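Biologist: Please take a close look at one loop of this model, and then describe what lies around it and how the rest of the chain relates to it. I would welcome one connected account, with the geometry given explicitly.

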Amino acid sequence: MIDVYLVDDDPDVLASLKWMLEGLGIKARGFASAEDFLAAVDLSRPAVAVLDVQMPDMDGMSLLEVLFSRPGPLVPIMLTGHGNISMAVKAIQQGAMDFIEKPVDGDKLLALLRRAARVATERAASLQLSADIQQRLDSLSPRETDVMHRVLEGKLNKTIAAELFITQRTVEIHRRNLLEKMAVSNVAELAFVLSKLRP
């Protein structure tokens with residue numbers, strides 16, 4: 001299981017959740033406030049965070065907004081003693097995997113944590129792939145980038161040469177170089193790789 005975090009200002013709730021999870025074989029790290037959580041946790045690592053909705057200062061929904069504004073592989077699950085439908089809908093829209101009520105059912109929480117851990121791992125792999133693709137794109141020269149855009153539009157080398165005021169042979173060289181830098185063997189593969197680039 002990947003890292004599991006619990007954020008709740010009630011020490012009794014934190015202790016009981018940690019105890020419950022340890023009984024299920026999951027070691028969780030607890031935080032008494034959203035601020036402590038944000039100061040201590042590396043949001044670029046895959047993890048699951050169970051966030052209490054009602055907390056002083058920064059509450060769980062505000063913390064969720066912060067996490068939503070910094071896309072990463074951490075998957076939040078919201079926990080509340082008194083939620084409502086509109087709050088649950090808003091939480092899901094802002095990236096929460098689920099919205100559960102206290103007292104927490106151990107089996108339900110365990111199933112949710114396992115599902116969230118899979119999502120976090122997949123998200124981390126997707127983000128890493130996107131970063132790798134972006135690094136390859138950044139290695140292209142401005143001219144190779146010009147050629148790439150036109151190649152992806154389906155234009156022939158002859159047309160690209162005319163548009164860029166260069167020889168067809170120069171287009172062929174740029175085309176070969178950009179495919180090599182992007183680690184693909186043809187335009188179809190290039191288009192597929194670029195489709196994996198996260199916005």
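Modeller: Asp57 is the place to begin, in the loop between strand E3 (47-52) and H3. The model is a predicted one, and the values below are to be read accordingly. The backbone of Asp57 has a phi near 60°, a positive value in a residue other than glycine. As a general matter, most residues other than glycine have a negative phi. Asp57 counts as exposed because its relative accessibility of 73% is over the cut-off of 50%.

A second residue may be set beside this one. Ala183, again not a glycine, has a positive phi of about 60°. Its setting is the loop between helix H8 (168-181) and helix H9 (187-195). With a relative accessible area of 56%, Ala183 is over the 50% limit and is therefore exposed.

The helix that follows the loop of Asp57 leads to the largest pocket. Its volume is about 230 Å³. Thirteen residues would be too many to list, so the centre may serve as a guide: of the 13 residues that line this pocket, Leu67, Phe68, Pro71, Gly72 and Arg123 are the closest to it. Two elements, helix H3 (60-69) and strand E4 (74-80), each give two or more residues to the lining. Of the elements, H3 gives the most, with 3 residues. By character the lining divides into 7 nonpolar, 3 polar and 3 charged residues.

On the other side of the Asp57 loop, strand E3 leads to Asp8. This residue is found in the loop between strand E1 (3-7) and helix H1 (11-23). Among the residues in contact with Asp8, beyond its neighbours within four places in sequence, are Asp52 and Met55. The contacts of Asp8 also include Val13, Leu14, Phe31, Ala32 and Leu79. In contrast to Asp57, which is exposed, Asp8 counts as buried, because its relative accessibility of 2% is under 20%. The side chain of this buried aspartate makes a polar contact of 3.2 Å with the side chain of Lys102.

Lys102 is also one partner in a backbone feature, since a cis peptide bond joins Lys102 and Pro103, with omega about -5°. In general, most peptide bonds are trans. Pro103 lies in the loop between strand E5 (99-101) and helix H5 (106-138).

Phe31, one of the residues that Asp8 contacts, leads on to the aromatic rings. A pair of rings is described by the distance of the centres and the angle of the planes. The model holds 3 aromatic pairs by the rule used here. In one of them, Tyr5 and Phe37 have ring centres 5.7 Å apart and planes at 70°, so the pair is edge-to-face. This pair links distant parts of the chain, as Tyr5 belongs to strand E1 and Phe37 to helix H2 (residues 34-40), 32 residues apart. Another pair is formed by Phe31 and Phe37, with centres 5.6 Å apart and planes at 80°, which means that this pair too is edge-to-face. Ring pairs thereby join Tyr5, Phe31 and Phe37 into a cluster. Phe37 has a relative accessible area of 0% and is buried; Tyr5 is buried at 7%, and Phe31 is buried with 7%.

Phe31 also belongs to the range of strand E2 (residues 28-31), where Ala28 is placed. Ala28 is counted as buried because its relative accessibility is 7%. Residues up to four places away in sequence aside, Ala28 touches Val4, Leu6, Lys18 and Leu21. For Lys18, the C-alpha atom is 6.0 Å from that of Ala28, although the two residues are 10 apart in sequence.

One further site lies towards the end of the chain. Leu152 is found in helix H6 (residues 142-152), and at 33% relative accessibility this leucine counts as partly exposed. Apart from neighbours within four places in sequence, Leu152 is in contact with Val187, Leu190, Ala191 and Leu194. Its C-alpha atom is separated by 8.6 Å from that of Ala188, 36 residues away along the chain.

Terms used:
Residues numbered from 1 in each chain as written. Heavy atoms only, no water. Helix = DSSP H or I, 4+ residues; strand = E, 2+ residues; numbered from the N terminus. Buried < 20%, exposed > 50% of the residue type's maximum accessible area, 1.4 Å probe, protein only. Polar contact = N/O pair within 3.5 Å; in protein donor to acceptor, adjacent residues only side chain to side chain. Contact = heavy atoms within 4.5 Å. 1 Å grid on protein atoms, 1.4 Å probe; cavity = no way out; pocket = protein on both sides within 12 Å on 5 of 7 lines; lining within 4 Å. Points joined across faces, edges and corners; volume = space filled by probe spheres on them. Nonpolar A, V, L, I, M, F, W, Y, C, P; charged D, E, K, R; others polar. Phe/Tyr/Trp six-rings, centres within 6.5 Å; stacked < 30°, edge-to-face > 60°.
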